[in-house]
Amino acid sequence: MSTMADVARSAGVSVATVSHVLNGTRPVLPHTRQAVLDAVEALGYTPNSLARSLVTSRTRSIGLAVSAISNPYFTEILQGVEAAALEAGYSLLIADPHDDPGHELKVVQLLHERRVDGMIVAPSAQPGGLVAYLRRQAVPTVLLDRVLEPVGPGQGPFDQVCAENSGPMAELVTHLASLGHRRIGLVAGLPGLSTTSERIAGYRQGLAAAGLDPDDELVVSGSSEATGAERATAALLALPGAPTALVTANNAMTIGALRALRERGLSVPGDIALACFDDFAWADLFAPRLTAIAQPSREMGARAVGVLLDRLAAPDREARTVRLPCAFVHRASCGCPEPRPADTAGMESTSQSEKGTTP
């Protein structure tokens, strides 16, 4: 097996120069760098990652804790994280917290024990233990699809990457109101998640923009999953003044809502209009096709890696919250005529921000 010394002899440079080329620790002249890379390829040299980590205290690995198995939405985010990490020369260690605070803390501790350089985490609705551990251990961390407020003096926010929530949700509601709906129900997510509170806020903003008074009876928690959404939809339909339009706050809850409507023999949009936050791969296979807000899932994952690498390069930099815009995908479940193919790309939200602190 070839060694770094063999590469140095073949390229006519020092071992230190080979190390700088492979690890990117110091600029090297282009022709020298190419000579080293040619020698690496000719000799089939493979760097010893374990030995390098002992010297540099870096493993070039990232820990990812998201509920990718229990929540298909995170699958596309995972793909974005994986691609960006690989491109940057990092390996990925993945754990599924199952949206459970106790399990979440255990898997993050295990990732930390594997000496990952940093973590990307989608916190649960009760992240107190997780946050305390990450701060106590000073783990470089990017929060994904969630935002947390500072909890005390000297305890500023983590870096955070998420999509816009309030504006796109308001857009769904105002669109339904423009079609004449005055009773618009919301199947909201799990209490405690920032995505839930922001989408409820957007729902209310949309009502206000349309001149509609809010009715707390029309907002029911679906707990961010299909079974809960099925129960929530049933509760909305049982109201004396049942909604004529329904908004679901994530893709899993859309499935639950559709089950409840089917069980009652209600058609979409004939009996009730439907619009959903979260587009998903099969949303255009339903009849009618589903009007939805599409989140930039893969881009969100890739940006989280970029923000984490920035943090590793400059540990003392100010924390950032990066917001990515969503797209309104106009189909027919809202009650509009089926858009022409040229129109189905949707209208991209204009709100995008990158801030030093959480909103």
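**Exercise 1. Place Glu164 in this predicted model and decide whether Glu164 is buried or exposed.**

Solution.
- Start with the neighbouring elements: Glu164 sits in the loop that joins strand 5 (159-163) to helix 8 (166-178).
- Next, take the relative accessibility, which is 12% for Glu164. Buried means under 20%, so Glu164 counts as buried.
- Finally, look across the fold: Pro296 is 132 residues away in sequence, yet the two C-alpha atoms are 9.8 Å apart.

**Exercise 2. Find which residue pairs with Arg311 in a salt bridge, and say which elements the pair links.**

Solution.
- The partner is Asp159, with N and O 2.8 Å apart.
- This pair bridges distant parts of the chain, as Arg311 belongs to helix 12 (residues 297-313) and Asp159 to strand 5, 152 residues apart.
- Now check the surroundings: both residues are buried.

**Exercise 3. Work out how exposed the partners are in the salt bridges Arg183–Asp215 and Glu263–Arg264.**

Solution.
- Arg183 and Asp215 meet at 2.7 Å, N to O. Arg183 lies in the loop between helix 8 and strand 6 (184-188), and Asp215 in the loop between helix 9 (194-209) and strand 7 (219-221).
- Arg183 has 24% relative accessibility, so Arg183 is partly exposed. Asp215 also has 24%, and therefore counts as partly exposed.
- For Glu263 and Arg264, the closest N and O atoms are 3.8 Å apart. Glu263 is exposed because its relative accessibility is 53%, while Arg264, at 41%, is partly exposed.
- To put these pairs in context, the whole structure holds eight salt bridges.

Methods: Residues are numbered from 1 along each chain as its sequence is written. This is a predicted model: local features need pLDDT of at least 70, side-chain atom pairs count only at pLDDT 80 or more; totals for chains, interfaces and linings use all residues. Side-chain values use heavy atoms; hydrogens and water are left out. Helices (H or I, at least four residues) and strands (E, at least two) are DSSP runs, numbered from the N terminus. Buried means under 20% relative accessible area, exposed over 50%, partly exposed in between (1.4 Å probe, protein chains only). A salt bridge is a side-chain nitrogen of Lys or Arg within 4 Å of a carboxyl oxygen of Asp or Glu.
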